[in-house]
Amino acid sequence: MGHATPPEGLTTAEVAERVSRGATNEADDRTSRTVGEILRANVLTRFNAILGSLLVVILVVGPIQDALFGIVLVTNALIGVVQEWRSKRTLDRLAVLNAPSARVVRDGHLIEIAVPAIVLDDLVELRAGDQVPADGVVRGSEGLELDESMLTGESDPVHRVVGDTAMSGSIVVAGRGLMQASAVGADAYARRLATEARRFALVHSEIQTGINTILRYVTWALVPTAAILALSQVAADHESWREAVAGTVAGVVAMVPEGLVLLTSLAFAIAAVSLARRQVLVQELPAVESLARVDVMCVDKTGTITQGAIEFAACEILLGELPIADALGALAADPNANATMAALRRDFPTPSGWERRDEVAFSSARKWSAANFDGRGTWVFGAPEMVMTDNHDRLASRVAELAGAGQRVLLLAHSPDPIDGETLPGALAAAAIVTFDEQIRVDAAETFAYFVEQGVQLRVISGDNPVTVGAVAKRAGVPNAERVFDARDLPEDLEALAQVMDDYAVFGRVTPQQKRAMVQALQSRGHTVAMTGDGVNDALALKDADIGIAMGSGAPATRAVSQLVLLDGRFATMPGVVGEGRRVIANIERVSNLFVTKTVYAMLLALATGVARWPYPFLPRHMTVVSTLSIGVPAFFLAVAPNLTRYRPGFVRRVLRFAIPAGFVAAAATFAAYAACRSIADVSLTESRTGATLVLLTVGLAVLGILARPITGYRALLLAAMIGAFVGAIAIPPVATFYALELPPLDAVAVCATIAGMAVALCELGWIVTQRSRGDDRVRRFASRVTTSRGA
């Protein structure tokens, strides 16, 4: 790089010059699609192209009534665009609130700016918890340590001294420093190489994968089926070629699940907006779905179970001849103080005459910090078992007693020796036991009870003393909180670690790398893992978890790698977030059943009509009526309705297992009614088609009634409205004429009603058998678990 930026930083003029030539840290990190991408995604789709082409054909050759499906086509696209645009605005506003900031020196002053506003050669201040925003050269270092594991895979933090490089995406885990930006924006290391540290690595979505699989099946089947239908309509006894074209269009339009993709996207978008109102920022929409699949929730003690703010409680002096209060005040005067030191600072003022000569900054891996003061020796402050490595029975007993009461216990030790790197000085003597209090969140017990009720296992993972963590977890209502494990004894073998994770619920003295390994161990057993955290020590585990959930007040690095950010920092929001995920999955499965059932019966009717070489049983306007009343309008309401059904794997299998039999029954009943009407003398083609429409809509509403269960007052009203709309379409002469609906003679109506009743009964019987089968499966799985647990 060129010249070194002076200590006063860049001037205003120098910043403006760099901005004018684009040397800024702007990058394409965003939480939502652009307006152009939204338009393309909702308008330029494969099925829109098919339906649009058919619309043009009908507009050329057919009556305008048969082009009504075009209104549905345009409406679907408009709803999708408008809703996703509204969702985009909401998410973008929240993203601004959550946007990381940086501290830079300009014109001799330290100021805070947005990360994208950093320019080339800016002097950037780095503190513990920051994610390095650009590549740079270290110009000042006070115990600066960077974790580069997300970039290089190296697990150990690295020291950075003046002249060393700092790569964007690294995390400051200890100390502080000053860095001159040498590469910004797209030129920065993390973005240039598109490595693991990229901010948004999309989570896997079973729903989206399943929908794509279903659409692939539909596309494969649609082309040959449409060809067979088209050839049969040409050969059928139509009054004109225009009738043949209309029949073909009706068949193909019915086979296209035009609203399935729309309602899937709509459900995700509405969920994101709903969560935004609860101060939850969704950085990846599929994360909403993934939450519903979570079966293990890993939580930190501080900030999740407790309120996060800690208060000094007491100091038990062990060496009365030492200036304990002055030493604590001097240590707390660290300008890079963490929450513990900040709590000390409120009770212990900075003494005069304590000149800091050397120091070791606190890190989650070491779990201690140290400072050497001129003429006063070295003072070490940290976890008792980390500071006093020798066996001190009385000290250990007292520490265990205090920790058992749920207090955070730290040890102050003194040595006359100087600091030597990162090793503890010799001749250490325990000087004082310092305790801190943390307030348990009032809603913690209720929140944990919800997860237990929903079958989600809880794991409390903390860097604090295991006894302290266990006591706090027990007070918060965490099940099996008495099963505590000291992470210093964790095995390194993944399988052995997974077994420990299954056997214990609370873990203390966990290092950042161990948190990451614990997540991977749980995943190796097939668990879907959510991880919450707010500290820089949580960032690696959050990134590896299936769902990373950061607190809004957490470290910038933690928020950057998470899929969800709780902006108000309230863990009690999580039940609502999980409920939103479950609502999305369950409702999308419901509407998928509706749309795929329609595709199945449409394809079967097309094949049956093709083989018989009859005119297709419907005109396009008939299919518009059936689709709107039995699928389109109800599906929209069902997609956004409350639903707390628990997640079960196997989305595609369940949809096809329901839709294929239901579609077969609907197709068989409709074709039978159509054939019966055609066999009766003096029944016209219009009357036969009306009879087929009546049967298909009846079966379609029966399928809707099954999927809408349990039938609440709201859903009963929805069903009644759909039935009333169809009765009105037949009973009101102008409407009936418009839709070409003409009831056949009474004997034909009676036959259609009988066939429809049998089909509805068959659907109901199939549903009862399916539910009993599922109940038996549940009993067998439960018995298997009981047998396994007894054998163990």
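A crossing of two helices is left-handed if the near helix is turned anticlockwise from the far one by less than a right angle, and right-handed if it is turned clockwise. The exercises below concern a predicted model, in which local features need pLDDT of at least 70 and side-chain atom pairs count only at pLDDT 80 or more, while totals for chains, interfaces and linings use all residues. Residues are numbered from 1 along each chain as its sequence is written, and side-chain values use heavy atoms, with hydrogens and water left out.

**Exercise 1. The chain as a whole**

Task: state how many helices and strands the protein chain has, and what share of its residues counts as buried.

Solution: Helices (H or I, at least four residues) and strands (E, at least two) are DSSP runs, numbered from the N terminus. With these rules, the secondary structure of the protein chain comes to 28 helices and 21 strands. The next step needs accessibility, where buried means under 20% relative accessible area, exposed over 50%, and partly exposed in between, with a 1.4 Å probe and protein chains only. Of the 792 residues in the protein chain, 55% count as buried. Finally, contact means heavy atoms within 4.5 Å, and among contacts between residues at least 6 apart in sequence, 73% join residues at least 24 apart.

**Exercise 2. Two helices that cross**

Task: describe how α22 and α24 pack, giving the angle and the distance between their axes.

Solution: Two packed helices are described by the angle between their axes and the distance between the axes. Axes are lines fitted to C-alpha atoms, for helices over the stretch in contact, and angles run from 0 to 180 degrees between N-to-C directions. Helix α24 covers residues 651-679, and α22 packs with α24 at an angle of about 40°, their axes being 7 Å apart. Angles under 35 degrees count as roughly parallel, over 145 as roughly antiparallel, 65 to 115 as roughly perpendicular and the rest as oblique. The two helices α22 and α24 are therefore oblique to each other, and their crossing is right-handed. For the classes of residue, Ala, Val, Leu, Ile, Met, Phe, Trp, Tyr, Cys and Pro count as nonpolar, Asp, Glu, Lys and Arg as charged, and the others, Gly among them, as polar. Sorted in this way, the contact of α22 with α24 has 18 nonpolar, 6 polar and 2 charged residues.

**Exercise 3. From α25 to α26**

Task: check the span of each helix against the expected value, and then say which way α25 and α26 run relative to each other.

Solution: The expected span of a helix is 1.5 Å times one less than its number of residues. For the 23 residues of α25 this should give 33 Å, and its end C-alpha atoms are 33 Å apart, which agrees. Helix α26, residues 713-731, has 19 residues and reaches 26 Å from its first C-alpha to its last, close to the 27 Å expected. The axes of α25 and α26 come within 11 Å and cross at roughly 175°, so α25 and α26 are roughly antiparallel. Where they meet, T693, L694, L697, L701, L704 and G705 in α25 touch L719, M722, I723 and F726 in α26. By class, this contact has 8 nonpolar, 2 polar and no charged residues.

As for burial, 19 of the 23 residues of α25 are buried, so α25 is largely enclosed by the rest of the structure. In α26 the buried residues are R715, L718, L719, M722, F726, G728 and A729, and what covers them includes α22, α23, α25 and α27. The loop between α25 and α26 holds P710, which a cis peptide bond joins to R709, with omega about 0°.

**Exercise 4. Positive phi in two loops**

Task: compare D121 with A427, asking of each whether the residue is buried or exposed.

Solution: Most residues other than glycine have a negative phi, and most peptide bonds are trans. D121, in the loop between β2 and β3, has a positive phi of about 80° although it is not a glycine. D121 is buried, with a relative accessible area of 10%. A427 lies in the loop between β14 and β15, and its phi, near 55°, is likewise positive. At 55% relative accessibility, A427 counts as exposed.
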